[in-house]
Amino acid sequence: MYRYDHYDQALVDERVAQFRDQVARWKAGELSDDELRPLRLQNGLYIQRHAPMFRIAVPYGMLASRQLRCLAELGRKYDRGYGHFTTRHNMQFNWPKIEDVPEMLAELAKVEMHAIQTSGNCIRNVTTDQFAGVAADEILDPRPLCEILRQWSTFHPEFAFLPRKFKIAVNGAREDRALTWFHDIGLHILKTDDGLVGFRVIVGGGLGRTPIRGEIVREFLPWQDILTYCEAILRVYNRYGRRDNAYKARIKILVQALGVVEFARQVEEEWAYLKGGPATITQAEYDRVTAFFGAPAYATLPTIDETFVAQQADSVPFARWVERNVRPHRIPGYASVTLSLKKPGIAPGDITSDQMDIAAELADAYSFGELRVTHEQNLVLADVEQRQLFALWQEAKAAGFATPNIGLLTDMIVCPGGDFCDLANARSIPVANAVQARFDDLDYLWDIGDIELNFSGCMNSCGHHHVGNIGILGVDKGNEEWYQITLGGEQGNDARLGKVIGPSFAAADVPDVIEKIVRFYIAQRFDDERFIDTFRRLGADPFKVAVYGDKARLKAAA
Amino acid sequence: MTKIIKNRQAVADDYTLLKLAEGEVAETVALPAGAVLVPLAVWVARKTELLARGTPVGVWLDAGEGPEAIDADLAQLPVIGVNFPKFVDGRGYSTARLLRERYGYQGEIRAIGDVLQDQLFLMARCGFDAFALRADKSIEKALGAFETFKAPYQAAVDQTQPLFRRRAA
Ligand code: HEM
Ligand code: SF4
């Protein structure tokens, strides 16, 4: 993975000094709360329900074992011995003190980490596919371009005070695993028939209270031009995006207001001035950065390891884990493993400091010392030898990482919700845990198969409920916590938004409702039809009847 | 006399900033004597009169006003002000870059309004060379802000080559 040189290191060190000084001036009364606010947000520091919440960047999800050990140590020293992985490859701590944050940043800087622009109205951490570099369906490894984008966006002088936050996602494979249709800018890496590499540029997607699928602004942009083109997009947004209403300030609103054709025209007009300028990426820079992402020293192995095959035949639990949590690798004899952070009963995405240390050890022992954070809030060991999988599984199991549920109902995306977040309408973690408890029978869970359940505590949609096959959204009804259900959302190439099925439910009823939906699906599905496919075939109405009974039937008939 | 930061030093401000108060209109507002920095609307309405005075005149653009509005006049303007109604309103950064990079403006670009120490570094990168720091803040302390980062990544006005081109050299 990328390693800092003295330039990169100086920038994060200077950032620590800058923030230390800002906090000191704030303590001395020279900076008001309002003046500090955007400065601390751009260092990942929110003020939340219990304490500040501190968000650390894991750029495009790549994490070295020594970095994870540093996070473990921070969790012990400054928090309560655990952290939380978010949907945007970041780690959040829920209990640090503001006064400690400069010191935490200094410790992070020692392992080439930071919290730069993990919050605030600026360009945020660039996200990508957790299987970048190892996926069989990859067109081009997106990570070098993600790193180039990271550097370009870090302290960008013109775009530090945008109308609203700005999120970029890059996908380099045939299957979209980065939710690119729902980012401010989504980039698809493409290769033309003549071997040219570039991007399809999608702008104006987003979730939140106005969920919108992004629109294609350019079908093909040569890769060298990505920085100048992003500058053109951001300049149009910075100048003309709304600033009068925070709910209407995302670029998606500007794109909708202008229409994508006019928006694209303005971007192209701006780009005409910037195109070919100094920010055009050079081959030398691309090669320099790409060299950091070269293949590790893979062993030469048979495509299928016989012991591994035998071990699966001998142990049903191992075979199950392999089926759900292990993915094929483009190198013979290797596999990619997802460490599940979705053990039922634990807040999804949470990980203790001791577990972080163990995950770091597993990475060192089995996967060249590297891990990835997924947007589904799990960890990935990308490069594991098949012949080592059994040993890895046993260690992962002992550490609570081996729940064989990747892609299953209990592998939910869940935001922190009312237990931690000031903006929440309702708690998400206890209700998610109650749903997990309802589906604790592994055979049943397996029988249900692939399904995505996403859960947000309010319409800010941090838990991506709009794109869950089943979405749960916390709503506030007369100061009580209620939950609205959406069906039919989907990530991937065909990403789309789910639709609300009807009136919301009390917390205690949510597991029943999910169970009714799932039972109806099982009764209706053909052979191994996935939930989402059955839903597409039948439409929402019969599911509504399954949930609301005759009331829904009458309504559907009317 | 109030002070501003110019070329990284505290200097006396020669200009009087004219703002339209409630009820005042560009056509009739009284113009202060001496060097003056006027709102765009006053410039548009009274350009000839302002130039005939023989004293320096500059124009300040509000956050929603772009350099397009004065591109034909730039050669006549020794100073352009760019207003930050609130420091979190970042439109002025684009204004300054456009003035320097697209319109080739060589005169003074002065940040006015809610101008604070922690934004000076970014502003300077975008082409501002003068800063009317908010009156309650210490100019002496703020002068340190220009050194915050020594070798930033991007190309901008102060450094026309991105780090990746300098790194290679
Ligand atoms: C607890 C502290 C948090 C606060 C106060 C917070 C606040 C917000 C707000 C206000 C928005 C809506 C922004 C908009 O629509 O312009 C948002 C969106 C989002 N947040 Fe959070 N969030 C928090 C935690 C998280 C966590 C833990 C995650 C990941 C699990 C996360 C991931 C996201 C994502 C993916 C979006 C959607 C972006 C979009 O609208 O496209 N946030 N957050
Ligand atoms: S979705 Fe709402 S409740 Fe959940 S973390 Fe985001 S802002 Fe908080």
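Around ligand 2, the shell of residues divides into seven nonpolar, five polar and no charged, where Ala, Val, Leu, Ile, Met, Phe, Trp, Tyr, Cys and Pro count as nonpolar, Asp, Glu, Lys and Arg as charged, and the others, Gly among them, as polar. Among the residues that surround ligand 2 are C415(A), P416(A), G417(A), C458(A), N460(A) and C462(A); a residue is near a molecule if one of its heavy atoms lies within 4 Å of it.

Before we go on, a word on what you are looking at. This is a predicted model, in which local features need pLDDT of at least 70 and side-chain atom pairs count only at pLDDT 80 or more, while totals for chains, interfaces and linings use all residues. Residues are numbered from 1 along each chain as its sequence is written, chains are lettered from A and ligands numbered from 1 in the order in which they are written, and side-chain values use heavy atoms, with hydrogens and water left out.

C462(A) also leads us to another ligand. Its SG atom, at 2.1 Å, is the only protein donor of the iron atom of ligand 1. Donors here are N, O and S atoms within 2.8 Å of the metal (3.2 Å for Na, K and Ca); water is not among the atoms, so sites may look incomplete. Along the chain, C462(A) sits in the loop between β17 (453-456) and β18 (470-477) of chain A. Strands (E, at least two residues) and helices (H or I, at least four) are DSSP runs, numbered from the N terminus.

Let us follow the chain out of that loop. Strand β18(A) runs antiparallel to β19 (residues 480-487) of chain A, and eight bridges join them; two strands pair if DSSP finds at least two bridges between them. Within this pair, D476(A) stands opposite E481(A). The hairpin of β18(A) and β19(A) has two residues between the strands, and G478(A) takes a positive phi near 50° there. β19(A) has further antiparallel partners: two bridges link it to β21 (residues 505-506) of chain A, with Y483(A) opposite F505(A). Two bridges also link β19(A) to β20 (residues 499-500) of chain A, where L487(A) faces K499(A).

Now step back to the whole chain. Chain A is assigned domain 1 (6-59 + 77-110), domain 2 (127-290), domain 3 (306-398) and domain 4 (413-557), with bounds that come from an automatic or database domain assignment. The C-alpha centres of domain 2 and domain 3 of chain A lie 32 Å apart. Nine residues of domain 2 of chain A are in contact with 13 residues of domain 3 of chain A, contact meaning heavy atoms within 4.5 Å.

Next come the sheets. One open sheet has five strands in the order β3-β14-β15-β12-β11 (chain A), with antiparallel pairing. At its edges are β3 (62-64) and β11 (326-328) of chain A, each pairing on one side only. Three bridges join β3(A) to β14 (residues 370-373) of chain A, and A64(A) stands opposite E370(A). Helix α3 (residues 65-78) of chain A packs on this sheet, touching β3 and β14 of chain A, and its direction makes about 80° with that of β3(A). Axes are lines fitted to C-alpha atoms, for helices over the stretch in contact, and angles run from 0 to 180 degrees between N-to-C directions. Helix α12 (residues 353-366) of chain A packs on the sheet too, at about 25° to the direction of β15(A).

Another open sheet of five strands follows the order β1-β2-β5-β4-β13 (chain A), again with antiparallel pairing. Its edge strands are β1 (45-47) and β13 (350-352) of chain A, and the twist averages 30° from one strand to the next. Inside it, two bridges join β4 (residues 82-85) to β5 (residues 91-93) of chain A, and H84(A) has Q92(A) as its bridge partner. Helix α4 (residues 101-110) of chain A lies across β1, β2 (52-56) and β5 of chain A, running at about 15° to β2(A).
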